[in-house]
Amino acid sequence: MPVIAETPVVRMERGEKFRVATMLDPTSLMSEAYRSLRTSLVAMCQRHPKNYRPATAEGEVAPPALRTLLVTSPGPAEGKSISAVNLAAAFAESGMSVLVIDADFRRPQLHKYFQGSPMPCVLDLAPNATAADCEAIMQESGIPNVRFISSAPTRTDPGHAIAAAKHAATLGKQVVDLVIVDSPPILLANDAAELSTFVDAT
């Protein structure tokens, strides 16, 4: 696979672990790296062969937008959550509304980046929930145009947690421009592979 962006290694003090650099330090190298990744993701989605639309007699068809994005990596502690939140901030500063869903119920951390609460969470969505119900459990992140939904509690049945995250993402697309899903390591659990089957890009 081609390298589409590279984020710099940044040594952080313990108190800085849950900083969202793209919002707090917008001129930093890390912020620019996530903007570069944002641009590459949008361009790759539009140019992917599965998204190709031939021109019609009425004119060009607009390429499909990136609406759902899964963030994963091979192993633990490789920067999934920090990438998810910084990407969210990078997309939001371009004018998009963004929802970030914590689908890593084994090690939920998203609410810590946003100084939010682990409740309400994805499990609060009933099977017949509507977009309004989904919006009701979204929490403000402190970043303009970015909201988030907390993970299912630890020790939740994996099938139930994954189904809830998918349901939240499906409903979230009716409320925001982009849904970003933060998931567990792909080599340690099947969750990310399962979640990747319904998103536009991983």
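With 202 residues, this protein would be expected to have a radius of gyration near 17 Å if it formed a compact globule, and the value for the protein, 17 Å, agrees with that expectation. The model from which this value comes is a predicted one. Along its principal axes, the C-alpha trace spans about 55 × 45 × 35 Å. Buried residues account for 45% of the 202 residues. The protein exposes about 10600 Å², and carbon and sulfur atoms supply 55% of that area.

The secondary structure consists of seven helices and five strands. Followed along the sequence, these elements appear in the pattern α-α-β-α-β-α-α-β-β-α-β-α. How the chain folds back on itself can be read from its contacts: of those with a separation of 6 or more, 76% are between residues 24 or more positions apart.

Individual residues illustrate this arrangement, and two serines in loops may be taken in turn. Ser183 is located in the loop between β5 and α7. Is this residue buried or exposed? Ser183 counts as buried because its relative accessibility is 0%, and the cut-off for that class is under 20%. Residues up to four places away in sequence aside, Ser183 touches Leu70, Val71, Thr72, Lys80, Ala103, Asp104, Ala192 and Leu195. Two of these neighbours also take part in polar interactions with the serine. A polar atom of the Ser183 side chain lies 3.0 Å from the backbone oxygen of Val71, and the side chain of Ser183 makes a polar contact with the side chain of Thr72 at 3.5 Å.

The second serine, Ser151, occupies the loop between β4, residues 146-149, and α6, residues 158-172. Its relative accessibility is 7%, and Ser151 therefore counts as buried. When neighbours within four places in sequence are left aside, the residues in contact with Ser151 are Asp102, Asp104, Phe105, Pro108, Pro118, Cys121 and Val122. The side chain of Ser151 reaches the backbone nitrogen of Phe105 at 3.4 Å. Asp104 appears among the contacts of Ser151 and also among those of Ser183. As a further point of orientation, the C-alpha atoms of Ser151 and Gly75 are separated by 19 Å, and these residues lie 76 positions apart along the chain.

Charged side chains add another kind of link. A search of the whole structure finds six salt bridges. One of them joins Arg35 and Glu32, with the closest N and O atoms 2.8 Å apart. Why are these two residues separated by about one helical turn? Arg35 and Glu32 are three residues apart in helix α2, residues 29-47, and this spacing is the reason. The partners differ in accessibility: Arg35 is buried, with a relative accessible area of 13%, whereas Glu32 is partly exposed at 43%.

Another salt bridge connects Arg38 with Glu93, whose closest N and O atoms are 3.7 Å apart. This pair links distant parts of the chain, for Arg38 belongs to helix α2 and Glu93 to the loop between α3 (80-92) and β2 (98-102), 55 residues apart. Arg38 is buried, with a relative accessible area of 16%, while Glu93 is partly exposed, with 41%.

A salt bridge also forms where the side chains of Arg106 and Asp191 meet, at 2.5 Å from N to O. Here too, distant parts of the chain are linked: Arg106 lies in the loop between β2 and α4 (110-113), and Asp191 lies in helix α7, 85 residues apart. Arg106 counts as partly exposed at 41% relative accessibility, whereas Asp191 is buried, with a relative accessible area of 3%. Which residues do salt bridges with shared partners join into one network? The members are Glu32, Arg35, Arg38 and Glu93.

The final feature is on the surface. Ile186, Leu187 and Leu188 make a nonpolar surface patch of about 330 Å². One of these residues, Leu188, is in the loop between β5 (178-182) and α7 (191-195). Because its relative accessibility is 61%, Leu188 counts as exposed. Ser183 lies in the loop between β5 and α7 as well, yet Ser183 counts as buried.

Methods: Residues are numbered from 1 along each chain as its sequence is written. This is a predicted model: local features need pLDDT of at least 70, side-chain atom pairs count only at pLDDT 80 or more; totals for chains, interfaces and linings use all residues. Side-chain values use heavy atoms; hydrogens and water are left out. Helices (H or I, at least four residues) and strands (E, at least two) are DSSP runs, numbered from the N terminus. Buried means under 20% relative accessible area, exposed over 50%, partly exposed in between (1.4 Å probe, protein chains only). Contact means heavy atoms within 4.5 Å. A polar contact is a pair of N or O atoms within 3.5 Å; within protein, one must be able to donate a hydrogen and the other to accept it, and residues adjacent in sequence count only if both atoms are side-chain atoms. Patches are made of residues with over 30% relative accessible area and no salt bridge: like charges are joined within 9 Å, nonpolar side chains (Val, Leu, Ile, Met, Phe, Trp, Tyr) within 5 Å. Accessible areas come from the Shrake-Rupley method with a 1.4 Å probe; for residues, only the protein chains shown count as cover. A salt bridge is a side-chain nitrogen of Lys or Arg within 4 Å of a carboxyl oxygen of Asp or Glu. The radius of gyration is taken over C-alpha atoms; the globule rule is 2.2 Å times the number of residues to the power 0.38.
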